[in-house]
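Here's a look at the pockets, the cavity and the salt bridges of this protein. Keep the model open beside the text as you read.

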Amino acid sequence: APIFLYRASDNVLFEAGFDIMNNNNVNPRTNGYSTSVNLTFAQLDYVLNDYMTLVAGQLVLPLGTYNERNAGWLNKIPENPLVRDDLLPETGVGVQLRGAVSVGKSGQAVTYAVYGVNGPSSGTGTALAGDLDLSGNVGDTPNWHANPSGGGRLGWFYPWKPHYDLELGLSGQTGEWSDSGNRRWSAGVLDAALHLGSNVEVKGEYIDTWVETDDFGKIRPDGWWMQAGYKLAGLNLELPYINNVELVGRYDRQNDAQGTKTDRYTAGCVYYFSNTLLFEGDYEWLQ
């Protein structure tokens with residue numbers, strides 16, 4: 001999953017991400033395997049001033065902070081939280097205004113983002129509960145619609161001394177998802193992150209969604225996850241390799257509002273060979 005970064009000038013930035021996968025075909029004796037390259041996101045940033053940036057393209061959506069700050073290799077656990085994969089879109093095609101404003105001289109800041117994107121659509125052209133496609137208006141021509149979605153995020157960052165800080169955020173998105181334009185999808189996300197020194201990190205999100213459907217009426221799939229990490233360097237032990245280890249754990253819970261609830265417990269660790277090379281592993285319990 002390589003990321004391409006380009007700075008054209010002081011005010012113009014471009015970034016794009018790709019997924020490269022080897023796929024085993026149905027009959028390996030005749031077809032072997034194939035390689036696919038998918039564009040994950042591609043956005044152009046224009047810095048208007050110290051407090052505002054204009055972003056356009058296939059945007060990484062600021063629904064919570066996971067997509068922008070924790071997905072991919074930035075995640076200390078190999079898999080995404082359940083709710084991130086099943087309840088929220090990762091990207092959308094459109095435009096966004098975002099920025100931050102300092103509060104006093106203590107380091108506090110209020111961050112904001114407002115955007116309009118293509119939004120979810122129907123995978124088959126109908127408005128049944130199982131047809132919601134969070135990837136956007138993609139696929140065959142009958143499955144496209146011209147109903148954009150709007151959303152944004154408001155956050156507060158509060159540091160009280162070096163390496164000690166708290167961030168809270170509230171974000172959401174809403175728009176019509178059915179091809180006929182008479183069914184709405186909405187989501188709200190509450191996110192939080194806490195750092196207690198350079199060795200302790202706790203973060204999580206609560207996600208609530210509202211989906212209007214033809215078969216179940218309005219349903220409310222929701223879920224949450226919480227993740228914690230502790231670097232063993234904080235123990236101040238004079239033992240080889242210990243200072244390079246971070247223990248991590250996560251709890252996920254998801255309710256699809258159609259009778260299925262899933263709980264997942266994850267325990268793992270990260271070994272840092274350097275700041276840019278690390279090894280991750282975990283064990284999961286699924287209920």
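Start with R220, which counts as partly exposed because its relative accessibility is 43%; the cut-offs here are under 20% relative accessible area for buried, over 50% for exposed, and partly exposed in between, with a 1.4 Å probe and protein chains only. D208, at 8% relative accessibility, counts as buried. The side chains of R220 and D208 meet in a salt bridge, 2.2 Å from N to O, and a salt bridge here is a side-chain nitrogen of Lys or Arg within 4 Å of a carboxyl oxygen of Asp or Glu. R220 sits in the loop between β13 (218–219) and β14 (222–231) while D208 is in strand β12, so the pair ties together parts that are 12 residues apart in sequence. Helices (H or I, at least four residues) and strands (E, at least two) are DSSP runs, numbered from the N terminus.

A word on the ground rules: this is a predicted model, so local features need pLDDT of at least 70 and side-chain atom pairs count only at pLDDT 80 or more, while totals for chains, interfaces and linings use all residues. Residues are numbered from 1 along each chain as its sequence is written, and side-chain values use heavy atoms, with hydrogens and water left out.

**Salt bridges**

Across the whole structure, the search turns up 15 salt bridges. Three of the pairs are set out here.

| Pair | Closest N and O atoms |
|---|---|
| E68 and R98 | 2.6 Å |
| K76 and E246 | 2.9 Å |
| R220 and D208 | 2.2 Å |

K76 is in the loop between α1 and α2 and E246 in strand β15 (residues 245–255), so this pair ties together parts 170 residues apart in sequence. Both K76 and E246 are buried. E68 and R98 form a salt bridge too, linking helix α1 to strand β5 across 30 residues. E68 counts as partly exposed at 29% relative accessibility, and R98 also counts as partly exposed, at 26%. Then there's a network of salt bridges that links E79, R250, D252, R264 and E284.

**Pockets and the cavity**

On a 1 Å grid over the protein atoms alone, a cavity is a set of points where a 1.4 Å probe fits but cannot get out, and a pocket is an open set with protein on both sides within 12 Å along at least five of seven lines; lining residues have an atom within 4 Å of a point. Points are joined across faces, edges and corners, and a volume is the space filled by probe spheres set on them.

The largest pocket has a volume of about 1,000 Å³. It is lined by 34 residues, with T40, F41, N67, A71 and E90 closest to its centre. β3 gives the most to this lining, with 5 residues.

The second largest pocket comes to about 420 Å³. Of its 22 lining residues, K76, E201, K231, E246 and Y272 lie nearest the centre, so the salt-bridged K76 and E246 turn up here again. β12 supplies the largest share of this lining, 3 residues.

Where do K76 and E246 appear once more? They help line the largest cavity, along with E201, K203, Q227, A228, G229 and V248. The count is 1 cavity of 30 Å³ or more, and the largest cavity holds about 30 Å³ of space. Its largest share of lining, 3 residues, comes from β14.
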